[in-house]
Amino acid sequence: ISFRNNLRKLLCTPFLTEEPWVIEVRREGRAVVLDVVQEAKPQPLCGPSAWGYLFERLCTDRGEGSSSPSSDSVLAADPNDEFCGLFALQLGRHSVLLAAEIDAASDDASGGASAGVSRLQPPDCFVELKTTRLPATEAEQGWFHRVFALRTFVQCFLVAIPKVVIGYRSREGAVVKIDSTTPRELCKAASAHWQYQVCFDFGLRVLDWLKEKTEENTLYRLSYSPPWSHVELRAVGTVSCNTLRTPT
């Protein structure tokens, strides 16, 4: 049982080795529960986070009887106010219940698997909304394929979201181009930088390992911190830990 963001962190680790993370883990009967480690003091929306949230609000505002919301009114809203879907999926031999924020839904049949249907059903109607800087250099293009495409692909693949709308922004945060794509197209374009099968194989190894190493009535912390070549599982309040190597 988990939030999608936890599995995204796990699955991206083989290729995003510079990104540290911590996940709380506990055992409830036969189920392993992965929980988000909350920040001690939530950070206010600013910079790219604010631009992404504003882009989502502007894309989904219908403007019925009023003008589009101002940036001030959007950023004053609660960013934790979201539509959350609950998904049942199978990862290898593991049955997973996954909670995931859904950015938007569309009636456009071209965005889903059921082309020609006037009103799509979940998850074919779901749309992932993303913003990123418009790549202007070879290094920025490399980051787009190596990091942005991988994160977005894993997010969408886990809950079968078929369409991604990307708002490309300037350095000042203004959206200068909007494009739509699919997780499969992102994966194909980034094949020189990462392979999705490596990500999912590693994720399955971690889930197998957690089932083996965790016990009820104990709170654990699962973590990765560069330049480690492994993930670490430690019972809270203890010194000893278990480790599992990441792919090399």
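1. A nonpolar core is a set of buried Ala, Val, Leu, Ile, Met, Phe, Trp, Tyr and Cys residues joined through side-chain atoms within 4.5 Å. In this predicted model, the largest such core has 53 residues. L10, L158 and L222 have the most contacts inside this core.

2. Helix α4, residues 138–158, gives the most to the largest core, with nine residues. A second core, separate from the largest, has five residues, among them F55, A104, V127 and V165.

3. L222 deserves a closer look. Apart from neighbours within four places in sequence, L222 is in contact with L10, W21, V22, I23 and V25. The list of contacts for L222 also includes V206, W209, L210, V231, E232 and L233.

4. The length of α4 can be checked by a simple calculation. The expected span of a helix is 1.5 Å times one less than its number of residues, so the 21 residues of α4 should span 30 Å. The end C-alpha atoms of α4 are 29 Å apart, which agrees.

5. Helix α4 also bends by about 35° at A149. Just after α4, A160 takes a positive phi of about 60°.

6. The strands β1, β5 and β4 form, in that order, an open sheet with mixed pairing. Its edge strands are β1 (2–3) and β4 (84–91), each of which pairs on one side only. Strands β1 and β5 (residues 94–101) run parallel and are joined by two bridges. F3 has A99 of β5 as its bridge partner.

7. Helix α6, residues 196–213, lies across β4 and β5. The helix runs at about 110° to β5.

Definitions and conventions. Residues numbered from 1 in each chain as written. Predicted model: local features only at pLDDT ≥ 70, side-chain atom pairs only at ≥ 80, totals over all residues. Heavy atoms only, no water. Pairing = 2+ DSSP bridges. Helix = DSSP H or I, 4+ residues; strand = E, 2+ residues; numbered from the N terminus. Contact = heavy atoms within 4.5 Å. Axes fitted to C-alpha atoms, helices over the stretch in contact; angles between N-to-C directions. Buried < 20%, exposed > 50% of the residue type's maximum accessible area, 1.4 Å probe, protein only. Bend = angle between axes of the 7 residues up to and from the residue.
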